[in-house]
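Student: Could we go through this structure together, one feature after another, with the general idea before each case?

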Amino acid sequence: MFKKPGYIKRNQIWIILSILLLITIFFGLYVYLDFNINQTMYFKKADINWFQTVFYNNYLFLIAGFLALLTINPIIGKSDLFEVYNSIQQYIKITAATSGIPTNFSMPTIVLKQKKLLWLFWQVIKWFLAFSLMVSSMRIPFIGPFMNIFYMIISGIGDWSLVPRIFLLAIQPVTSGELINLMPTMEVQYRLIFILILTVFGVISLRLILKSIKEFINAKYSTGMRNIFIIFSLITLAFIFDSPYWRMDITTPHYYYIALTLLFSFILISILLDRGVTPLQFTKLRRQNIIVTGSIIILIGIIAINAGIIALYNFNWNNNWVAYEWYPFTSKQIDATQWASGIDSIVTRPIEDYPVGNETKILSVVRQWDYESALTRMVNLIPVNWLKIITPDIVYVYGKEYWISPTTIKYPSEDWISHQLIYTHASNIFAIESHSGESVPITEALHLTKEPEIYYGEEISDTVYIKVKGFNEVENITYRGESDYTLSGWQRMMWFLAQGQLGFAFAPPQESIEMLYNRDIVNRAEKILIDGLKIDPDPYIVANNNTVYYAIQVYIQYKMNSRFVASDYYRFFAVILVNVEDGEMSCYTVGEDDGFLATFYKNYYSNWGSIPEWLVPQLRYPEALLGSVMFDIKGQLDIDFVYHVSDPYVWRSGSDFFERPPSTEVNYILLTEDNQVLFVGVQLAEYVSSAGKNLAGMYIIGSGTKLGEIQLLKVTSGNGTSSLIGPTGAVSAFQTNSEVREKLTLFGSNYKLGNVLLYRINQKLYYFIPVYITSGGGIISKMPFIGVVDALTRDVAIGIDSSVAFYSLTQQAPIVQPGEEERINDTYNIFTENGYTPINVTAINAEVFIQVSNITYINLQQKDTMENVVLNFIENKVKIYGPDVYKWISNENILNYGVFKTTQKGVNELHYISIKIK
């Protein structure tokens with residue numbers, strides 16, 4: 001008896017389609033909400049139109065929509081894919097029928113001509129998939145990115161009139177200067193033409209492949225072979241259009257002629273096949289048709305002649321390497337690579353030009369603590385279980401160098417409430433002086449009145465919701481800034497429903513919920529950058545006017561297509577500051593216009609300002625742009641290790657190629673030039689595969705006002721410096737020294753060596769190698785000694801600090817530093833010499849405290865600064881509000897001098913200076 005199917009079974013297709021529709025609607029609304037959050041947040045916190053920025057002012061949708069039209073079959077009712085499908089279906093049926101073997105396998109027949117609506121539906125699906133793929137990836141599949149190229153054209157980069165010259169590069173060589181001038185057009189206008197050719201040819205070739213499959217199945221071999229040779233013609237033509245990007249030497253024109261000959265050959269064969277000639281008839285044609293026979297002989301002859309010339313060149317290559325390869329290719333590649341990578345501005349000088357400074361000052365700023373030792377010392381400073389240290393960064397601020405590490409959140413509990421409502425911020429920033437290793441309060445290091453609350457930082461990825469009724473943030477702190485976005489109504493329901501929080505979606509504690517979104521500062525900055533811009537993965541702290549920021553460095557790394565360029569295009573582009581407390585962003589560009597990519601990106605982000613004066617001294621050059629060992633990133637120095645060579649025979653021998661010594665990287669240190677302290681990056685280099693591991697040179701990278709100025713101080717032969725040991729040799733000499741070996745043996749395995757740093761003192765070069773010992777749990781307890789190695793003689797000495805070790809090695813008497821009492825008297829005497837006698841007090845009270853200056857006077861190098869500060873205080877404060885000057889000591893190491901000022905309203909203000917004396 002027939003039983004009527006149930007409702008679900010009868011309507012299952014509509015139920016499935018309804019579910020898919022609901023999922024699609026939900027996903028679409030969620031994407032819209034996410035876009036709206038980003039748009040609102042970046043406009044509010046960075047004054048940036050996020051949607052317009054990341055989607056190229058909506059041009060992305062127009063270009064992607066146009067390119068996606070190539071997927072549509074121009075003939076209504078036709079589909080190459082479905083025709084292949086139906087041909088296979090017919091082939092299976094015929095095979096089964098003729099073989100006499102029954103089969104249960106069948107394929108449904110689809111005839112699009114009878115179902116125009118289905119054809120239209122299929123074209124729309126293809127267009128939508130192609131459009132979505134290009135918009136989401138901003139790339140043409142299998143070809144590459146396209147939006148920067150298009151936008152550079154409408155921005156005026158490149159020159160259309162140079163396109164014909166570029167097309168003929170393979171047969172009309174250029175000089176290095178002309179090649180560099182052609183590069184913008186080659187990477188913009190010509191690249192756009194080439195991309196469009198590849199895209200169109202690719203689509204045509206795919207359709208021809210499908211047609212060929214159908215023709216072969218239907219035994220139409222001549223037509224199928226015609227399609228194959230048309231594809232060969234398109235591939236060869238694309239290869240010819242690619243010729244400006246080839247590696248070009250003496251043989252290049254002959255490869256070009258071979259390619260042209262093959263193109264004509266494939267076109268000729270395609271024409272013959274289109275006229276019905278089968279492959280088996282070609283022999284007959286060659287006998288009977290003089291034109292065809294002559295054409296074939298000529299084409300084969302051209303290929304043979306050019307192949308023979310190439311073989312002859314290769315046979316004599318080593319005898320004529322300079323003429324065949326160096327001048328037409330390698331010398332131009334060196335020039336083009338130096339230009340593209342930005343290393344053409346590196347100044348090469350002899351290592352004797354290493355900055356010479358005050359001996360005592362150099363020894364007082366030697367970086368004795370590296371990042372690992374600073375990190376482990378900071379671990380003991382964490383006061384609570386919900387904070388953790390992140391990798392410290394070297395920072396130069398207010399004339400001093402510190403290792404500074406903000407904390408981030410370590411969740412004691414992994415539940416949703418802890419992540420989103422309670423643990424909303426980190427609370428501590430730690431600073432270690434790079435020379436002494438002493439912990440310095442961050443308020444002192446950065447001149448702050450209080451430590452900031454870190455709502456935005458490194459490794460802070462969770463979205464948090466603030467000011468929610470019934471919930472308190474950790475430490476009973478309430479976020480004081482402006483939220484990134486406010487969720488309410490359907491947006492709140494949608495957002496929390498996607499997170500599985502039904503209570504907050506449908507029965508929230510309040511209608512509107514404020515949130516802080518995308519709080520990882522690297523991700524926050526990345527979301528406003530277009531293709532070709534990279535972020536240095538090691539942001540660092542800067543400070544100004546009682547505010548702390550993360551400085552995120554942005555650089556250009558753009559892929560160049562010419563084989564003449566052996567690197568990407570590199571430039572330092574911008575610095576993005578993110579306020580750690582409220583997430584506000586300030587964006588600044590650096591560097592000069594170059595008529596190419598730097599100009600393009602600066603014009604694209606035209607509302608970004610210039611670097612403010614307060615930030616300049618704290619800036620450093622991006623380590624990732626130079627090349628980072630820690631993050632395994634190749635950069636400008638890696639390129640210069642090879643491409644600084646300009647002599648053909650030195651290049652061929654490889655005798656002057658450099659490499660990074662093992663376990664070394666760019667180190668930011670303090671150098672002195674005369675009496676000026678410079679904050680610079682230093683990278684040591686050794687010769688590639690050198691058995692002696694001698695020093696080849698060192699790169700000095702300027703910071704602050706000399707940002708991006710790079711010098712290669714090179715070791716030269718014949719002047720007594722060619723035998724300077726490199727850092728590898730310095731470590732070996734240090735570890736094999738009998739005194740050092742004896743001490744290290746006593747430490748067992750509880751020691752490690754710090755960074756190997758090279759300084760010039762009194763016309764000689766010395767390596768400083770600190771040793772750290774560890775206690776249980778791997779916590780570094782102290783630096784028992786530091787070693788000094790003479791880079792020329794390999795002599796070794798050790799001491800409790802850099803000064804003691806140096807004077808032990810050189811057997812000189814160290815300059816005697818003033819004691820604490822003498823330093824106090826020095827400050828006191830300045831007042832008495834100017835007619836004022838400070839009054840000693842144990843404590844002092846005032847209604848308002850105004851600190852005029854905060855300095856350190858511990859060694860002779862700081863005496864001049866101290867004298868200037870005290871004299872200015874006397875001139876600008878004591879002479880006006882005195883004559884009574886009060887002197888007191890706070891925190892056991894801070895000497896203070898102050899004078900009282902009574903305002904018109906009767907308020908007692910204490911104006912004072914603070915001098916750290918120990």
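Student: Is strand 7 (residues 429-433) enclosed or open to its surroundings, and why?

Tutor: Strands here are DSSP runs of E with at least two residues, numbered from the N terminus, and buried means under 20% relative accessible area, exposed over 50% and partly exposed in between, with a 1.4 Å probe and protein chains only. Five of the five residues of strand 7 are buried, so this strand is largely enclosed by the rest of the structure. As for the source, this is a predicted model in which local features need pLDDT of at least 70 and side-chain atom pairs count only at pLDDT 80 or more, while totals for chains, interfaces and linings use all residues. Residues are numbered from 1 along each chain as its sequence is written, and side-chain values use heavy atoms, with hydrogens and water left out.

Student: Which residues cover each side of strand 7?

Tutor: In a regular strand the side chains alternate between the two faces of the sheet. In strand 7, Ile429, Ala431 and Glu433 lie on one side and Phe430 and Ile432 on the other, and all of them are buried.

Student: Which strands pair with strand 7, and in what sense?

Tutor: Two strands count as paired if DSSP finds at least two bridges between them. Strand 6 (residues 400-409) pairs with strand 7 in the antiparallel sense over five bridges, and within this pairing Tyr402 stands opposite Glu433. Strand 8 (residues 439-440) also pairs with strand 7 in the antiparallel sense, over two bridges, with Ile432 opposite Ser439. The hairpin of strand 7 and strand 8 has five residues between the strands, and there Gly437 takes a positive phi near 80°.

Student: What is the order of the strands in the open sheet of three strands?

Tutor: The order is 9-11-10, with antiparallel pairing. Strand 9 (464-466) and strand 10 (485-487) are the edge strands, each pairing on one side only. The twist averages 40° from one strand to the next, where axes are lines fitted to C-alpha atoms, for helices over the stretch in contact, and angles run from 0 to 180 degrees between N-to-C directions. Three bridges join strand 9 to strand 11 (residues 513-516), and Ile466 stands opposite Glu514.

Student: Which helix lies across strand 9, strand 10 and strand 11?

Tutor: A helix is a DSSP run of H or I with at least four residues, and contact means heavy atoms within 4.5 Å. Helix 20 (residues 489-498) lies across these three strands, running at about 90° to strand 10.
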